[in-house]
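Please take a walk through this structure, one piece at a time. Keep the view open as you read.

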Amino acid sequence: MNADRHEHVSSEAASPEGYNFAYLDEQTKRMLRRALLKAVAVPGYQVPFGGREMPLPYGWGTGGIQVTAAVIGSDDVLKVIDQGADDTTNAVSIRRFFVTTTGVDTTEKTCDATVIQTRHRIPETPLSEGQILVYQVPIPEPLRFIEPSETETRKMHALQEYGVMHVKLYEDIAHFGHIATAYAYPVKVNGRYVMDPSPIPKFDNPKMHQSPALQLFGAGREKRIYAVPPFTDVESLDFEDYPFEIQSWDHHCDICGASESFLDEVVTDDQGGRLFVCSDTDYCRTRVEAEGVQAVASPAKTQEVLS
Amino acid sequence: MTAISTHHLWVPYANPVLQSQQAFRKLMRAMSEPGTCVSFDTLYASDSGQASSTSQTAAFATALTLLDQETSVWISPGISSPALIDNLRFHCGCRLAENASEADFVMLSLSELNGLDRFSAGEDINPHTSATLIVEVPALEVASVDEAHPDLLVLSGPGIKARKGVRVQGLTSDHRRLFEDNHQRYPLGVDFMLTCGADLVALPRSTQVSTLTNRAATAGEDTQCMSQ
């Protein structure tokens, strides 16, 4: 897909016949909007909302789609990523859904987007003020795997009874010698609520802290919305002697040579061949285009990935 | 309840779908960046060519955007008028609460804001059930935090890079204490939307409001440091 091509449908009468702008009815949008304002006022707190049945199954981003639908307007430029990539099934489907129902312009460039819906990654390119990042969240409750009861976890949040989260991280250290939690790594927001940042790799956690962009989280199955306003403290839980640290790789991206981005391992054959490439496709392509970065890997291997 | 009189209905959004989305984005910007002033002027100018027949454009836009049959609103005696009540009933279809404590949204003037006890602050396990207070103030403007002024509120917290200043005319020391008390009980507390004509500044419960006296004390310390 060409990055420069903006899919465009006339903003007038963009919705298919019989459907409202952005699919949801106005009553639903007002309900979502009220929940979003509460979520912004109490950063990290999970606000229950009346989740609607969406035209795709739970687990495919119904929460993120409802949040985006409540927020998006005809002037917005939308980017959708799935694990950092603009061209994977979930991202393509959701982008097409909003083009059909709103007629907004879309982009693959992080810096051109006003609303970015994401599944499990934060773009490598730093976000700026005025941008909105919408996360798709499968299980919003960070305490769920420790305490299965919702009434209990709500009480634990009310009482700030978060010691168990540290016990869980401690158990990691006892078993593996280090904190082995690699994604959905729990954070504390604004010094109050422990929050699940959705299953982003912990590599992305530091990007949430004091981010200039507004971050909104939607969990469709669990019917919860939460938010982190711009310039808000987001602290990853850790210990003094086992401080929080992010993943690092011995490899560079085999396409653009980046050494500081989150890498995906790609199996290339059944002979043990593999490549490491940037998970953020826009970041990778921008580097290749802008700097004329030469591929680090052998040309044949790179050609294989690019084709 | 009496029938709605249609004589004094205000002009709503010409395009309710797109304009309530634009209004919501302004509200969300105001709420996520406390101390930022958003203006609802343009919402009425574009399509209809008519101005809304209320001078309280920001408050009316907020009502059109957020209120419906699922929400209740309590209107203070100082703000209440047959026109306001009829417009809210007709355009929003919201319930009118008899007691302020039962209301999801409260509309009142700054001079009537003399305590928080009668408004819902939410519960420990459900802090989102609190009320949102739409407070009409005599004048409202964004100001520099360094400018010493009796009407200045200095804001910090989530959504604010360092500190932001807002000048609200008619503020008393009681109001300052009330804003501080509201933040003290975080995550409980009400969220304020201060409105003046078309302008709106939000003060969510997460925002720390420091008083002039605190700042004067800090300034005093600074001077002390310099003299040493």
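What follows covers the sheet of each chain, the helices on it, and then the cavities. Bear in mind that this is a predicted model.

Start with chain A. Its sheet is open and has 7 strands. Read across, the order is β1-β9-β8-β5-β4-β2-β3, and the pairing is mixed. The edges belong to β1 (47-48) and β3 (105-106) of chain A, each of which pairs on one side only.

Now look further into that sheet. Strand β2 (residues 77-82) of chain A runs parallel to β4 (residues 115-119) of chain A, and 5 bridges join the two. To find the register, pick out A:Lys79, which stands opposite A:Ile116 in β4(A). Helix α2 (residues 62-71) of chain A packs on this sheet. Its contacts are with β2, β4, β5 (132-136), β8 and β9 of chain A. The direction of α2(A) makes about 130° with that of β8(A). A further helix, α1 (residues 26-41) of chain A, lies across β1, β8 (214-219) and β9 (224-228) of chain A. Helix α1(A) runs at about 45° to β9(A).

Turn to chain B. Here 7 strands form an open sheet with mixed pairing. The order is β1-β10-β9-β5-β4-β2-β3. Why is one side of β1 (38-39) and of β3 (95-96) of chain B left without a neighbour in the sheet? Both strands stand at the edges with a single partner strand each, so the other side has nothing to pair with in the sheet.

One of these edge strands, β3(B), runs parallel to β2 (residues 72-75) of chain B, joined by 2 bridges. Across this pair, B:Ser72 stands opposite B:Arg95 in β3(B). Helix α3 (residues 57-66) of chain B packs on the sheet. It touches β4 (105-109), β5 (132-136), β9 (191-196) and β10 (199-203) of chain B. Its direction makes about 135° with that of β9(B).

Last, the cavities. How many of 30 Å³ or more does the structure hold? There are 3. The largest cavity encloses about 90 Å³ of space. Both chains line it: among the residues are A:Tyr45, A:Glu141, A:Tyr193 and A:Arg224, together with B:Asp124, B:Ile125 and B:Pro127. Which helix gives the most to this lining? That is α4 (residues 150-158) of chain A, with 4 residues. By type, the lining of the largest cavity divides into 5 nonpolar, 2 polar and 5 charged residues.

Technical notes
Residues numbered from 1 in each chain as written. Chains lettered and ligands numbered in written order. Predicted model: local features only at pLDDT ≥ 70, side-chain atom pairs only at ≥ 80, totals over all residues. Heavy atoms only, no water. Pairing = 2+ DSSP bridges. Contact = heavy atoms within 4.5 Å. Axes fitted to C-alpha atoms, helices over the stretch in contact; angles between N-to-C directions. 1 Å grid on protein atoms, 1.4 Å probe; cavity = no way out; pocket = protein on both sides within 12 Å on 5 of 7 lines; lining within 4 Å. Points joined across faces, edges and corners; volume = space filled by probe spheres on them. Nonpolar A, V, L, I, M, F, W, Y, C, P; charged D, E, K, R; others polar.
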